[in-house]
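Me: Could you take a close look at one part of this model with me, namely the place where two chains meet? I'm in my first year, so please explain the terms as you go.

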Protein chains: 4
Amino acid sequence: MRIMALLGSSRRNGNTEYLTNKVLDGVNHQTIYLLDKKIDPIVDERHTDEGFSYVEDDYEELFFEFLKHDTIVFATPSYWFGMSGQMKIFFDRWSQYMRDHRFDFKEEMRKKKAYVIVAGNKPDPKIAALPLIQQFNYIFEYVGMEFVDYIIGNGNKPEDILTDTEAIAKAKLWNDQLKTK
Amino acid sequence: MRIMALLGSSRRNGNTEYLTNKVLDGVNHQTIYLLDKKIDPIVDERHTDEGFSYVEDDYEELFFEFLKHDTIVFATPSYWFGMSGQMKIFFDRWSQYMRDHRFDFKEEMRKKKAYVIVAGNKPDPKIAALPLIQQFNYIFEYVGMEFVDYIIGNGNKPEDILTDTEAIAKAKLWNDQLKTK
Amino acid sequence: MRIMALLGSSRRNGNTEYLTNKVLDGVNHQTIYLLDKKIDPIVDERHTDEGFSYVEDDYEELFFEFLKHDTIVFATPSYWFGMSGQMKIFFDRWSQYMRDHRFDFKEEMRKKKAYVIVAGNKPDPKIAALPLIQQFNYIFEYVGMEFVDYIIGNGNKPEDILTDTEAIAKAKLWNDQLKTK
Amino acid sequence: MRIMALLGSSRRNGNTEYLTNKVLDGVNHQTIYLLDKKIDPIVDERHTDEGFSYVEDDYEELFFEFLKHDTIVFATPSYWFGMSGQMKIFFDRWSQYMRDHRFDFKEEMRKKKAYVIVAGNKPDPKIAALPLIQQFNYIFEYVGMEFVDYIIGNGNKPEDILTDTEAIAKAKLWNDQLKTK
């Protein structure tokens, strides 16, 4: 099992990162902070004659690194009731790589398992983040990736999440499962 | 009534733009193509001592232009079952302006009416775009903006949308209403 | 094409019935008022040795009538943000007929097309009825029935629906399509 | 604290009942099995001159018993991606009691806290039951009842639920909280 944690937050040491660390404590993995990467929004060239052209930023390297992992922990704060813009851009760029002839996109995706961690605050994310969970589910269904499970944590300020006993308990259960694999 | 169409697509002449033009045909309005603007993803500094700092890009000018309008048509393709990354970044940056002392963010928002146009393709966006509609609803509820209505159009390639008679019919109804105001 | 309108309202002459009549005006069809039928809630005997036993009420006759139609208009008011209890019981009883050896349940269902009409009031059903639309979608996906489209109408008191120009316009579009088939 | 468990299943000893027992183990409470009650679907008389008339079944007694409790555990299997018909009828009948002059319906509801337990099977209820959770949320928001939290358990045959370690862990956390109140 090769695990990647993909952190979508626009700051370090936030609640999604805290939960992700709980989940992966003692488990071999690679962490990517999207805020460290220069990734441009997609320019849709699906319907042009030439198709998509190469983009000069950090995405290509990141994407091939992503392909090497079979278990992905997508961790994002709930910003405006959705994933962060940083993470959204990560997914939008898939539209280019779906048409890439160097590999079979959907075949690669079907080998992967996805875990999702979302943290938000008011209104209660256990309800308000459900459309985001549904969006993740549509994404994973579309590409054939297995959606193992999700954690919705409640917290705003750093370390708020410590008081969300359910989210912490679920993170520990995931940790137990990932350790024994 | 001052109307702004905010286009989130990453290409011109797409189906969301076509529907938006139908809605605003003969109606005085300003159109913003987000793809023309340089807008950086937010850097979350809510919990730092200094708070948010000024960002050198096109957002500040765009945001003050946005404030001058009372009716906003948010038009975005469904990319990966959500709004485009470009539009998501537009909303994410609100988190900085909510804390701005030059104006009262929520009071400004409460004066506005929102229309939403989404276009997508497979699977059927009339179902698959519903989490996105729910996300828009959460956003508008949170800031107190009136969510007048939404159109979900079915189309992928340019001009596909012409065959979605329901979306076109609804765009014409909106057009009739906006013309008489 | 054999069309059945299945009305879930607990009263006659309501807004869902009005919309259904618009949709089926001049179109040959059979209308079933669930409120006229005596249908007991399901008793779950899936996990008993004997399985389900025959129930003495109007359901068996109704269900075989239902099977004879290939296009079903499911029309229900939004009661407490869901379909009416009467219509829910109609679906719950499917669990018995899925295990019936006299016919192949899923094969029969795959031949059918579903239209859904929902009418509600406050809060705005165009948002608040979306979980119900998602539920219908799950049901139809599960049994393989094609979910053609849905109308969400806004109305509470009888004839309120007349002022929902969008719902009326959509009903007329459906009517045009159904007439020419 | 006076706790009522309202069980919507159409059979005894199912997975929702098992989870409910875990939650309420050692906690003083009253359990109502809706399958033991004769409750007719609502007949909507809101728009008649006389309004609603008294119905001869078990609902009135049940409803006044319900009013005496301040913490309600709503437990239902996911039948066809919604609450059971039995539980839906329970809510539908509220429409009559909202107009009852013997007490102030919304004031009574605002005093109550709601816990929701749902158990389902395929497709994965952690996704497929989300519209049902959203429906419960709309109901509770509408009447002003606090929606404390929900558990979605995965199980079909009796005792399947024992293998859903997350649902069991969450039930124990709730149990700890309820015991100390």
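Reply: Here's a walk through the meeting of chain D and chain C, with a few side trips.

Some ground rules come before the tour. This is a predicted model, where local features need pLDDT of at least 70 and side-chain atom pairs count only at pLDDT 80 or more, while totals for chains, interfaces and linings use all residues. Residues are numbered from 1 along each chain as its sequence is written, chains are lettered from A and ligands numbered from 1 in the order in which they are written, and side-chain values use heavy atoms, with hydrogens and water left out.

Let's begin with how the two copies sit. Two copies of a chain are related by a rotation about an axis and a shift along it. To lay chain D on chain C, you turn it by 180° with 0.0 Å of shift along the axis, and the RMSD is 0.0 Å; the fit is by least squares on the C-alpha atoms of residues with pLDDT of at least 70 in both copies. The two copies are therefore related as by a two-fold rotation axis. Want a landmark? In chain D, the C-alpha nearest that axis belongs to Pro131(D), 2.3 Å away from it. Both copies also use the same surface, since 100% of the contact residues of chain D recur in chain C. Contact here means heavy atoms within 4.5 Å.

Now for the interface itself. Chain D puts in 37 residues and chain C puts in 37 residues. The size of an interface is often given as the accessible area lost when the parts come together. Between chain D and chain C that buried area is about 3200 Å², with 64% from carbon and sulfur atoms; it is found with a 1.4 Å probe and summed over both parts. There are 0 salt bridges between chain D and chain C, a salt bridge being a side-chain nitrogen of Lys or Arg within 4 Å of a carboxyl oxygen of Asp or Glu. Polar contacts do turn up: 14 residue pairs, both at pLDDT 80 or more. Such a contact is a pair of N or O atoms within 3.5 Å; within protein, one must be able to donate a hydrogen and the other to accept it, and residues adjacent in sequence count only if both atoms are side-chain atoms.

Which elements of chain D supply at least two residues each to the side that touches chain C? They are helix 3 (85-92), helix 4 (94-97), helix 6 (125-128) and helix 7 (130-143). Helices are DSSP runs of H or I with at least four residues, strands are E runs of at least two, and both are numbered from the N terminus. Helix 7 of chain D gives the largest share, 7 residues. Sorted by class, that side of chain D has 20 nonpolar, 10 polar and 7 charged residues. Nonpolar covers Ala, Val, Leu, Ile, Met, Phe, Trp, Tyr, Cys and Pro, charged covers Asp, Glu, Lys and Arg, and the others, Gly among them, are polar.

Zoom in on helix 3 of chain D: 8 of its 8 residues are buried, among them Met87(D), Ile89(D), Phe90(D) and Phe91(D). Buried means under 20% relative accessible area, exposed over 50%, and partly exposed in between (1.4 Å probe, protein chains only). These buried residues pack against helix 3 (85-92) of chain C, and also against strand 1 (3-7), helix 2 (59-67), strand 3 (71-77), helix 4 and helix 7 of chain D.

Definitions and conventions
Buried area is the accessible area (1.4 Å probe) that two parts lose on being put together, summed over both.
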